[in-house]
Amino acid sequence: MKGLSIYHYCTLVILFVVFAVGWLGGQRAAIILVYGSVWALCTIGYDLFSGFSGRINLGYAMFPGVAGYASAALSAKFGVSPLLSFPIGVLSAVLLAACVGALTLRIKGIYFALSTAIVPLALFEVTRIVGRFFGGEEGIWGVPSFFQDPRYDLLAIGGILGVCITFALWYVGSKEGLILRAIRGGEVTAQALGVHTFGHLFVAFLLSAAIGGAAGAYLAHFQMLISPEVLHIITTLQVVTFTYVGGAGTIVGPVVASYLLVILNEALRAWVDLRLFAYFVGLVLILRFSPEGLLVPLGRSLGRLVISFRTASVRSK
Amino acid sequence: MDTVLSILVFGLATSGIYALMSVGVALVYGVGRIINFAHGAFYTLGAYLTYLYATRLGLGWWISSFLSIVSVAIFAVLIDLLLIDPVRDDEIVVWILTFALAFATREALVLLLGARPYSIPAFAPGSISIMGQAIAAQRMLIVVVSALAICALWIFLYKSRIGKAIRAVALNRTGAHLVGIPVRMMYAMVMAISASLAAVAGIVISPISVMTPDMGLQPLLLAFTIVILGGIGSLRGSLIASLIVGYAGALVSFLWSPELVTLMALVIVFAVLIVRPTGLFGVAVERA
C-alpha cells in the first residue's frame with residue numbers, strides 16, 4: 001500500500017466531527033446524524049459497484065430492503081436477538097445479490113439497469129400480496145432496537161461506517177478496483193486482456209449488497225419498523241442522487257454529500273410543503289449545470305487554489 | 001360468454017392505454033437515445049390540466065382536453081431544449097434528471113392542489129351494449145381514441161416528410177445531420193409527440209379511475225416493462241407487447257386478483273430479459 005492518502009484523513013476528520021456533534025448536540029442531532037450515516041453507508045455500497053464499474057444498478061433498494069425485512073421479521077416475529085438477526089439480514093441481501101447478479105450481470109448497459117430495477121419493484125408487490133406476514137403497507141412494527149439512546153446508535157453505525165469506508169477505499173485502490181475501472185472503460189477490451197469480467201463484477205456486486213444490506217438492517221432496528229417504502233424506487237434514486245452530487249467513483253464524496261443533504265433536508269423541515277419540491281428542483285438544476293456533482297468541482301478548484309498558493313510562495317523565495 | 005367479452009374489451013382498453021404510453025417511451029429512446037423517466041409526469045399533467053382548464057376557466061371538457069394536450073407538448077419541448085439537451089450524451093445524468101423532474105412535477109401538484117384525488121366526468125357517459133353485454137362507453141372511447149392516435153402516429157412517421165426525417169435521425173444521427181436534417185428540432189418534435197400521446201392516455205383514463213399526483217407512476221413502470229419486453233426502440237415491438245401485457249393483465253385480474261397484475265408484468269419482463277436481453281423484437285444496439 002502507498003500509505004494513507006489525503007482521502008483517508010478526510011474520512012477520519014468527517015467521522016470525528018459527526019461523532020462530536022452527535023454526542024454533544026443532544027438526541028435530535030444524534031438521530032439526524034444516524035440517518036445521515038445510514039444513507040452514507042448506502043452510497044458507499046452503491047459507489048463501490050456502480051460508481052467504479054459503470055454498471056448502473058437501478059434496483060439498489062433491494063439490498064437495504066431485503067436485509068431490513070429479514071432482520072425485522074426475525075427479531076420482531078420470532079424473537080431472535082438483533083445481534084443475530086442483523087448479520088442474517090446482511091447475509092440475505094448478499095444471497096439475493098448472488099441470485100440477481102448471476103442472472104443479470106451478463107447483460108449490459110441500459111438492459112442491466114432496467115432488469116435490476118425490476119427486482120425491488122417485484123419485491124414491493126410481494127410485501128403487499130403476502131400482507132399477512134410482511135404487514136402490507138404498514139410494514140413490520142415493534143422491531144427491537146439495539147440501544148435506548150440514539151447517541152450509542154450513532155457510535156455503532158459510525159463504527160460500521162468507518163470500517164466500510166476504510167475497506168471500500170482499500171478495495172477500489174487495489175487491483176480489483178483497477179479491474180472495475182477497466183471494465184467501465186471498455187468491457188470488451190478488459191476481456192480481450194484476459195480479465196474474467198463476470199467474476200470481478202460478481203464479487204463487487206456482493207460487496208455492494210453487503211454494505212447496502214447493513215444499512216437497511218440497521219435502519220430497521222433504529223426506527224423500530226420497516227415499511228415497503230424502503231423498496232420504493234425513490235430509495236434508489238436518493239442513493240444515486242447522493243452519490244452523484246458527491247461525485248461518483250470517489251467513495252468519500254458521496255459520504256460527505258449524504259451528511260450534507262440529510263442535514264439540509266432537516267433544515268428545510270420548517271417549509272414542509274415546499275421542501276420536497278425545492279429538493280427536486282435543486283437536483284434538476286445541479287444535474288443540468290454541473291453534471292459531475294458539486295463536491296468534485298469544488299475539490300478541484302480548492303486543489304487549484306492550493307497549487308497556486310504553493311507556486312506563489314515558491315516564487316517569492 | 002359474458003366474461004369472455006368483458007375480458008376482450010377490458011384487455012383492449014388497457015392495452016390501448018399501455019400502447020399510448022409505451023410507444024412514446026420507445027420513440028424517445030429510438031430517436032433521442034434517452035430514457036425519459038418523466039414520461040409519467042406528462043400523463044399526470046394531461047389529466048390535471050384538463051381538470052384545471054375545465055373547472056377554473058370554465059371551458060368545455062373537449063376544449064380543455066385539447067388545450068391540455070397542447071400545453072403538455074409545449075412543456076415537454078421546453079424540458080427537452082432547456083434541461084435535457086445540454087446533458088443528452090451523459091446517459092446516467094439524463095436518467096436522474098428526468099427522475100427528479102417527475103418528482104418535482106408531482107410535488108408541484110401536491111403543493112398547488114393537495115394530495116386528494118380529483119375526477120373528470122366521462123366524455124362518453126352511459127354504456128353501450130354489445131351482444132347483450134353492457135360495456136361502459138368510456139372504455140370503448142379509450143379503445144377508439146388510442147387506435148386513432150396510434151394510426152395517426154404511424155401515418156405521420158411513414159408518410160410525411162417530417163416523419164421520415166425523424167426516422168432518419170433514429171437510424172443514424174450523424175448521417176441525418178449531414179443531409180441537412182435539423183437533428184435537435186427532431187428531438188424536440190419527438191418529445192412533443194410522445195408527451196402528447198401520454199397526455200391523451202392520462203385524459204381518457206381519468207374518468208374511469210381517479211386523478212392523484214401519483215397516478216403516472218404505475219403506467220410509467222408498465223410502459224417501461226412493455227418497452228423492454230418489445231425490445232427497446234422498436235415501435236412495433238412495443239405495440240405487440242402492449243397487447244400481451246394488457247391481455248395478460250385482464251386475464252389475471254379476472255381469474256385471480258387485480259393485485260397481481262404488476263407483479264405478473266414484472267416477472268414476465270424479468271424472465272424475457274434474462275433469456276433475450278434485447279426483448280422480443282429488439283435488435284442489439286452496440287454503442288461506443
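Val284(A) counts as buried, because its relative accessibility is 5% and buried means under 20% relative accessible area, with exposed over 50% and partly exposed in between (1.4 Å probe, protein chains only). This residue is found in helix 13 of chain A, where helices (H or I, at least four residues) and strands (E, at least two) are DSSP runs numbered from the N terminus. Leaving aside its neighbours within four places in sequence, Val284(A) is in contact with Leu83(B), Leu97(B), Ala100(B) and Leu101(B), contact meaning heavy atoms within 4.5 Å.

The model is predicted, so that local features need pLDDT of at least 70 and side-chain atom pairs count only at pLDDT 80 or more, while totals for chains, interfaces and linings use all residues. Residues are numbered from 1 along each chain as its sequence is written, chains are lettered from A and ligands numbered from 1 in the order in which they are written, and side-chain values use heavy atoms, with hydrogens and water left out.

From Val284(A) the view can widen to the interface. The contact takes 36 residues from chain A and 35 residues from chain B, and the area buried between the two chains is about 3,500 Å², of which carbon and sulfur atoms give 86%; buried area is the accessible area (1.4 Å probe) that two parts lose on being put together, summed over both. In chain A, Tyr111(A), Ile118(A) and Arg288(A) lose the most area to chain B, together 18% of what that side buries. The elements that give two or more residues to this side of chain A are helix 4 (82-104), helix 5 (109-129), helix 11 (233-246) and helix 13 (272-289), and helix 5 of chain A provides the largest share, 13 residues. By kind, the residues on the side of chain A that touches chain B divide into 28 nonpolar, four polar and four charged, where Ala, Val, Leu, Ile, Met, Phe, Trp, Tyr, Cys and Pro count as nonpolar, Asp, Glu, Lys and Arg as charged, and the others, Gly among them, as polar.

Between chain A and chain B the count is zero salt bridges, a salt bridge being a side-chain nitrogen of Lys or Arg within 4 Å of a carboxyl oxygen of Asp or Glu. Over all chains, however, the structure holds 10 salt bridges. One of them joins Arg151(A) to Asp149(A), the closest N and O atoms being 3.4 Å apart; Arg151(A) is partly exposed at 26% relative accessibility, whereas Asp149(A) is buried at 16%. In chain B, Asp85(B) forms a salt bridge with Arg88(B), with the closest N and O atoms 3.0 Å apart, and Asp85(B) is buried with a relative accessible area of 12%, as is Arg88(B) at 6%. Asp85(B) and Arg88(B) also belong to a network of salt bridges that includes Asp80(B) and Arg184(B). A further pair in chain B, Glu107(B) and Arg106(B), meets in a salt bridge at 2.7 Å, N to O, and Glu107(B) is buried at 8% relative accessible area.

Helix 5 of chain B (residues 137-159) has 23 residues and reaches 32 Å from its first C-alpha to its last, close to the 33 Å expected at 1.5 Å a residue, the expected span being 1.5 Å times one less than the number of residues. Its buried residues include Leu141(B), Ser146(B) and Leu157(B).
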